[in-house]
Amino acid sequence: MKQANVIIIGSGIASLQLANSLRHDLNVIVLTKSKISKSNSNLAQGGIAAAIGEKDDPKKHYIDTLEAGRHHNDPNIVRELTRQAPSLIQELNEKGCSFDKDVNGDLLLGMEGAHSEHRIVHGGGDATGRTIIQFMTSNMNQNIKIIENIFVYELLMDECSNRCIGAKGKYSNGKVDHFFAEHIVIATGGCGQLYSYTSNAETAVGDGIALAYRVGAEITDMEFIQFHPTLLYTEGKAVGLVSEAVRGEGARLITKEGLPIMDGIHPLRDLAPRHIVSQTIFSYIKKGKPIFLDISEVDHFVNRFPTITNLCEQYGIDLKKGIIPVVPGSHFLMGGIKTDLYGRSSVKGLYAIGEAACSGVHGANRLASNSLLEGLFFGKRLAEKINTQSINQSFDPAISKSNECHINDPLPSIKEIQASMMEHAGIIRTKEGLMKQKSWLESFEVENWIERKLDHLTNEELIQVFMMITSWLITDSALVRTESRGGHFRQDYPSENDHKWVRKQIIHCKKTIKEDKYERIKAALAT
């Protein structure tokens, strides 16, 4: 058993920002199920959006964020995020983080889809995430302990106060350990690996969301999945991200015959919001027509995009031909654990930050390069909140016991989950497909797995269970929302329905799992 003041589950930018921003007299433990470098944050090629240009203003950034999110966002939180973005960049820059600069030493500002100004700050060209993560890990405070290769599979609740007080994790050798703290923070990232095609790290399976749901936390907006338009596609597989910044530098999406596919689709053409570009590409691919990114007009591509260049070379893509084969894939979850401005969930003692959380920032579709910004913003906000509190020295938990049932029901394989989610709950959805997906998931007793004890499962079986629970939450939400908005596209309800759905959230909570569907899944006005 190990004890700390703050336990953070996950090791991306939100986690490290929180850890480094906490008071030095607080003991902090960071738990990650792989290596600290294996996160979506580390893979992030895109930059960080901040209104620091001469002609830019946080209000413009605010408006762009709401428009991309189809006004499902929480305006108050978006306003605060965009207002603080410049100072968050300035703070990192002054501490020595290696952002890209021009010959005068000023920050270079790039353009990405759905932005009205050049406001994207990059590091290492197309390696912004890795640049920031390496900077943060090399400047860790002495009060922070990082434990790698431990899979947290259960949150521990105090049965007297109904407060989250700890976490249970399993090492790769099967050894189980318990961790206790006053503040338990989920920063496990999203769930891109629920789909066959994804830009996400192998660790992004939605486990943090499933963990929170199992202890009664409210989960919201799970139907809103952003599919990135351009993943490198070769031999039937999506093998990595081709950043939106490539299109920001002039690349265009074309057919094999050279026909530009975004002309006439949206005024911003290739820089239209991601859900529009993804749906357009997907419609061609469903007809058997492959799509390519024409990079012939991008100056100094190899120097500007070294990470993408190495990726293409690794998979035998000849960049001299000027085209890169692409496919849309799961990229970002706008929904997650419902939180407030400080990352607090509906369960006492439990917080969520980063992609695992749903604070209202992104709405129905995340604006490009707002994800790393979100991690910086909420990591610092939560640290400021915790830093104002006194240290509790006494700790005598009374742990609630989960269901002791050890039934070994069959579980769907990871590949089966990915394929079925891609087909029925992916880029284009219908009632028929979603009903089929929900029935399939429930045939594996998914609702029972929400209650069962999981200690006897292997790490791979734990992943299967968490993927199944999170897939079920997505599918159920997508069925309830009878409209298309942002990343959620229903072919049978292709338009937005503001009268019924504008700024309404679909909230799941395990506390009423046995009640009627419309008690269990409540549509409530966003704050």
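These questions and answers walk through packing, rings, backbone and strands in a predicted model.

Q: Which helix gives the most residues to the largest nonpolar core?
A: Nonpolar side chains tend to be buried together in soluble globular proteins. Here the largest nonpolar core has 67 residues, and Ile7, Leu155, Ile186, Tyr195, Leu350 and Phe466 touch the most other members. With 11 residues, the one that gives the most to this core is helix α15 (residues 459-480).

Q: How many residues are in the second, separate core?
A: Besides the 67-residue core, there's another one that stands apart from it. Ala14, Val30, Tyr351 and Leu382 are among its members. Its size is 44 residues.

Q: What does Ile186 touch, leaving out residues up to four places away in sequence?
A: Ile186 is one of the residues that touch the most other members of the largest core. Its contacts include Ile9, Leu155, Gly208 and Ala212. The rest of its list is Ile337, Leu350, Tyr351, Ala352, Ile353 and Ala356.

Q: Is helix α5 mostly covered or mostly uncovered?
A: Look at residues 128-137: Thr128, Gly129, Thr131, Ile132, Ile133, Phe135 and Met136 are buried in α5. Those buried residues pack against α1 (13-21), α2 (40-43), β4 (48-49), α4 (75-95), β6 (120-121) and α11. With seven of its 10 residues buried, α5 is mostly covered.

Q: Are the rings of Phe301 and Phe305 stacked, edge-to-face or tilted?
A: The model has seven aromatic pairs, counting ring centres within 6.5 Å. Phe301 and Phe305, both buried, have ring centres 5.2 Å apart. Their planes meet at 45 degrees, neither under 30 nor over 60, so the pair is tilted.

Q: Which residue has its charged end over the ring of Phe332?
A: Two places are worth a look for a charge over a ring. At one, Lys170 lies over the face of Tyr153, 5.3 Å from the ring centre. At the other, the charged end sits 4.3 Å from the centre of the Phe332 ring, and it belongs to Arg366.

Q: Where is Asp221, and is it buried or exposed?
A: Most residues other than glycine have a negative phi. Asp221 isn't a glycine, yet its phi is positive, at about 60 degrees. You'll find Asp221 in the loop between β12 (219-220) and β13 (225-234). Its relative accessible area is 2%, so Asp221 is buried.

Q: What is the phi of Ser369?
A: Ser369 lies in the loop between β20 (357-358) and α11 (371-387). At 5% relative accessibility, Ser369 counts as buried. Its phi is positive in a residue other than glycine, with a value near 65 degrees.

Q: How many disulfides does the structure hold?
A: A disulfide is a covalent bond between the sulfur atoms of two cysteines. Cys97 is buried, with a relative accessible area of 3%, and Cys312 is buried at 0%. The number of disulfides in the structure is zero.

Q: Do β9 and β10 run parallel or antiparallel?
A: Start with β1 (residues 2-3), which is joined to β10 (residues 176-180) by two bridges and runs parallel to it; there, Lys2 stands opposite Phe179. On β9 (residues 163-171), Lys168 has His178 of β10 as its bridge partner. β9 and β10 form a hairpin with four residues between them, and Gly174 in the turn has a positive phi of about 95 degrees. Five bridges join β9 to β10, and the two run antiparallel.

Definitions and conventions. Residues numbered from 1 in each chain as written. Predicted model: local features only at pLDDT ≥ 70, side-chain atom pairs only at ≥ 80, totals over all residues. Heavy atoms only, no water. Phe/Tyr/Trp six-rings, centres within 6.5 Å; stacked < 30°, edge-to-face > 60°. Buried < 20%, exposed > 50% of the residue type's maximum accessible area, 1.4 Å probe, protein only. Lys NZ or Arg CZ within 6 Å of the ring centre and 35° of its normal. Core = buried A, V, L, I, M, F, W, Y, C linked by side-chain atoms within 4.5 Å. Contact = heavy atoms within 4.5 Å. Disulfide = S-S within 2.5 Å. Pairing = 2+ DSSP bridges.
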